[in-house]
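Hi,

Here is the structure I said I would pass on. Have a look through it, and my notes follow underneath.

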Amino acid sequence: MTLDSSGASTLYTRFTVAGGGLTLDDDVTIGAANTGAIVSVTASDAVLSNLTIRNPTPVARPTGVQLGANVTGVVIAGLDMDGAGEASSYGINLTTGSATVTGPAITGVATGIVATAASTAGGVVISGGAIGASTSGISLGTTTTPRVSGISVTSTPNSTGTGVDLANSSGALVDAVTVTGFARGFGTAPTNPRTGPTITGAVVQESTREGISLGATTGARITDARLTLAGANQSTGILTLLATGVVIERPTITGAMYGITTSATNTGAGPTITDPVITAFGGITLGSTQNAVVTGAVLDAGAWGVSGTGVNLVNAGRVTVSDVSATGFLYAIGAQSNFDDDSDRVNISISDIDVVGAPDASSGVYLLGARDATVSRVTADLTGAALVIHQSIGVTAQDITVTGHEGPTSVTGAAILRAYGSQDVDVDRASIDAGSYGFFYSATDGSTVTNATVANLVEYGVYGRSVANLDVGATTFTGNSGVGLFVVTTPANGISHDIAVHDSTMTDNDGGIRVLQGTTAVQVVRNTVSGQPDVVSAGPAHDLLVADNAISQTGGDGLAAISVAPSWADGALPDSYSSSDVRVTGNAFTGGGTWIQVGTADPASPEAARRTLRDDVLVTGNSFPAASTAIRTYANAVVGEDSAPALARALPVDGPVAVDARDHGTPNDWGAACRATGFLDGVPYYDGGGAEVYELTEAPVLYPMSCIDLSLTQALAVAPGAVLRAGDLVTWTLTPHNAGPRVAPAGWTITQLLPDGATLVSMTGDGYTVDGTTATATDDLPVDADGPPLTVTARVVAPAPGAGSMRDVAYVTPAPDTDLDEDGFVDPVVERLSPLVVPTIDTDTDASPTDNDAQGVWSTVGDTVPGPPSPWTPSGPGTGGAGGAGSSGPGSASTLPATGADAALAALAALLLLGTGIAVTTLSRRRPGSR
């Protein structure tokens, strides 16, 4: 039926369409006369077009068009209705039926188009037009696959209703719908478990609660939504709530406190969120879902403040987050701060994250209770840590780049990593410039750092408290306040132990690595260190190895590359400050520093009353520059208060030793052949010419003293001008001397060489054992002392014919190398100056390169023609007893038998000559400056 009029007219009536349809001409208006439906449709497939309905009087609770129960297939085109703002008014009430509604213009109603809550009808289609309503623009009940497109739904500001209430509908298709002014833009019942809607191109403006809410649906899809909310607290752009399997693509969300939010009680399949652009206090939360995916997100905290989170994993597991930009958040990516036994935060993958943190306090990625997480390619500009790992196991991170900032305090600035109560946290290829820490560990076990660059920090490159099994390698530390610090949080959390810092470079840091409070089993090995005042400071530490490092520094008063001092109480032993099992080996030191220091330099410090060591520091295999101090000990090195017993290694001295720098098979290179230059209580003790050792009587150092300087002089007991013949005896005295710098160990020898035509009669002297022509000393030869004289007597048996001379040569030899210091290894003894070159009888010792040799020359005459001996006639006073031509009496070759008595008589004669001042020929030399 079509109603027309010759002029504008209003019909105050009701219509019931029982079949066919109803069409009104443009100038025909239906006025609401009574409460209730104005046009009722009782027949399916009816067609209503161009209806104009007004409520001019107005009446309460008008309804423009109402379908009968289960009426389907109705077409409503071009409905124009104004309900005059009456409460409980409706534009179209579908009840349990269905209709295709096109181009409606509905205003002044509570609800524009509604299906009853129980309606499961299919075939509801709404397209085009505009609705102005106070409670709900469109409400779809429990309909099946309703379709809404191209319509604009508007309410007054601060409305508490819903623009498009999807309610308990299933599989709704919503396209290009704009909702303005409602508390909720698109709403789904919180418990709706049915198939979720597909919403494309939705625009929501000025909402105060949610832009889109998905209830508990499954498989919802939202594409290209533009949600601009009113900025209310607790408002949400897209509330996925209990929905599962949600796909959200390219949403733009502003003005909401939270961008996309999932309930913490949602344990189903997580959302897949692609390319969202969100400005909110909290960008995205994932509840307790599994297998959620967030990629391409651009998140900004905007004006919401600095306490929010860009992507909050909450309690989710098997999450993939990638290609995210997060600006201004407290946490760019975070997790809920508590979890229970039902938490399943496993297999989390986070990659390609760009973080600009909030000022003063911010973090990049925060994981709590995670298992088997990977984090890669994070770029962070922040005050805080790029990675914060709490109570997690198996976290692997790589390619982390931090542009850091100092915090309000020195310890609250930027860091690459902060790990708490976690296990197996590994970081590869990370860097930081400025901030507080490189890597911070608390009660964390089993972590590695490789290929990191750590620079310009106000605290430490690596900080560990109650940290265990930490390996740091191939890392560069530059310009930091300190390289590392290892301490104990509380004894209950355990002692820091099993830490290795190796194959790294440390340059221009204000301090090195501090190993304190009983930290145990630390290795600092194969590092290159320069430009910093120290490398390792221990106090107390146990089982500390500093080995194979290349260390260069200039040093300074009270500073040392490696120091041990009683600085802090041992976390495992009350009232103990002492270290044990400290080993320094294989390091190459260059520069002028002090390299190893034990004890407290300041005697007025409270530390000075504490004992530093439980056992000696072992120093082997290092190379020290000659112009440097290798080792220095202070008074409390091995003496002082401490509750731990002093434990000595097997040492060759009584009492405790501070440093054992003996060779032990891997000798130190002291920069000189004669090894160290030693000072005892500030007084020179051993001048080896090499690096210096400053020890105290109460803090001794064992170090090799390998150099001696032996020389030999010979005093010939022959009267001036005396000439010896065959059978005469000649006697001389050999006197060894040691110019140091150490005692010559017992076993040094004097060897006598005789010319042809002379035979040895005797070699005697106290403190020698004689075997043939070699006398071996039974005692050490002290520094700057002569050894016991050795008297040698020889017989001239066959002088050359005519006038001539004979010469003997003797030399002194150091004892064979032996274990001098009881370290279990042979110690070489080195002659410092003019070492021995073994002479022959033809050597002129005045011209030889050694001062270990000496010679004597005496005049002889031999018969030119053999014949009987002639009588002896005295040649004059002063020549008797020296032997020579014309001699007679007891020294005569013709009357003295070749027995040992000859030697005794000759020795007596020599003594008599010396006693009467007769000159004794001395043919020997000691080189100048031979000490």
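D581 comes out as partly exposed, with a relative accessibility of 26%. Its salt-bridge partner is R583, and the closest N and O atoms of the two are 3.3 Å apart. R583 is partly exposed as well, at 22%. Bear in mind as you read on that this is a predicted model.

There is also a salt-bridge network: R184, R209 and E210 are joined into one through shared partners. Within that network, the side chains of R209 and E210 meet at 3.8 Å, N to O. The burial of these two is worth a look. R209 has a relative accessible area of 41%, so it falls in the partly exposed class, whereas E210, at 9%, counts as buried because the cut-off for that is under 20%.

Another pair to pull up is D224 and R250, whose side chains form a salt bridge at 2.7 Å, N to O. Where do D224 and R250 sit in the chain? D224 is in the loop between β26 (221-223) and β27 (226-228), while R250 is in the loop between β29 (247-249) and β30 (252-254). That puts them 26 residues apart, so the pair links distant parts of the chain. Both ends are partly exposed: D224 has a relative accessible area of 31% and R250 has 38%. In total the structure holds 16 salt bridges. As a general point, side chains of opposite charge can pair when their charged atoms come close.

Now for the inside. The largest nonpolar core has 169 residues, and the members that touch the most others are V39, V65 and F439. If you centre your view on F439 and ignore its neighbours within four places in sequence, you will find it in contact with I416, L417, V427, A430, V449, A452, V454, G461, V462 and Y463. A separate core of 31 residues lies apart from the largest one, and its members include A719, M763, A775 and V796. In soluble globular proteins, nonpolar side chains tend to be buried together.

On to the empty space. How much space lies in the largest pocket? It comes to about 640 Å³. The pocket has 30 lining residues, and those closest to its centre are Y685, V701, L702, Y703 and M705. By type, the lining divides into 18 nonpolar, 3 polar and 9 charged residues.

As for cavities, the structure holds 1 of 30 Å³ or more. The largest cavity has a volume of about 30 Å³. Its lining is made up of L313, V314, A316, A335, R345, I348, L367, L368 and A370. Of these, 8 are nonpolar, none is polar and 1 is charged.

One last spot to check is T142, which you will find in the loop between β16 (130-139) and β17 (147-149). Is T142 buried or exposed? Its relative accessible area is 15%, and buried means under 20%, so T142 is buried. Leaving out its neighbours within four places in sequence, T142 is in contact with T116, A117, A118, S119, T120, N168, S169 and R194.

Shout if you would like to go through any of this together.

Cheers

Key: Residues are numbered from 1 along each chain as its sequence is written. This is a predicted model: local features need pLDDT of at least 70, side-chain atom pairs count only at pLDDT 80 or more; totals for chains, interfaces and linings use all residues. Side-chain values use heavy atoms; hydrogens and water are left out. A nonpolar core is a set of buried Ala, Val, Leu, Ile, Met, Phe, Trp, Tyr and Cys residues joined through side-chain atoms within 4.5 Å. Buried means under 20% relative accessible area, exposed over 50%, partly exposed in between (1.4 Å probe, protein chains only). Contact means heavy atoms within 4.5 Å. On a 1 Å grid over the protein atoms alone, a cavity is a set of points where a 1.4 Å probe fits but cannot get out, and a pocket is an open set with protein on both sides within 12 Å along at least five of seven lines; lining residues have an atom within 4 Å of a point. Grid points are joined across faces, edges and corners, and a volume is the space filled by probe spheres set on the points. Ala, Val, Leu, Ile, Met, Phe, Trp, Tyr, Cys and Pro count as nonpolar, Asp, Glu, Lys and Arg as charged, and the others, Gly among them, as polar. A salt bridge is a side-chain nitrogen of Lys or Arg within 4 Å of a carboxyl oxygen of Asp or Glu. Helices (H or I, at least four residues) and strands (E, at least two) are DSSP runs, numbered from the N terminus.
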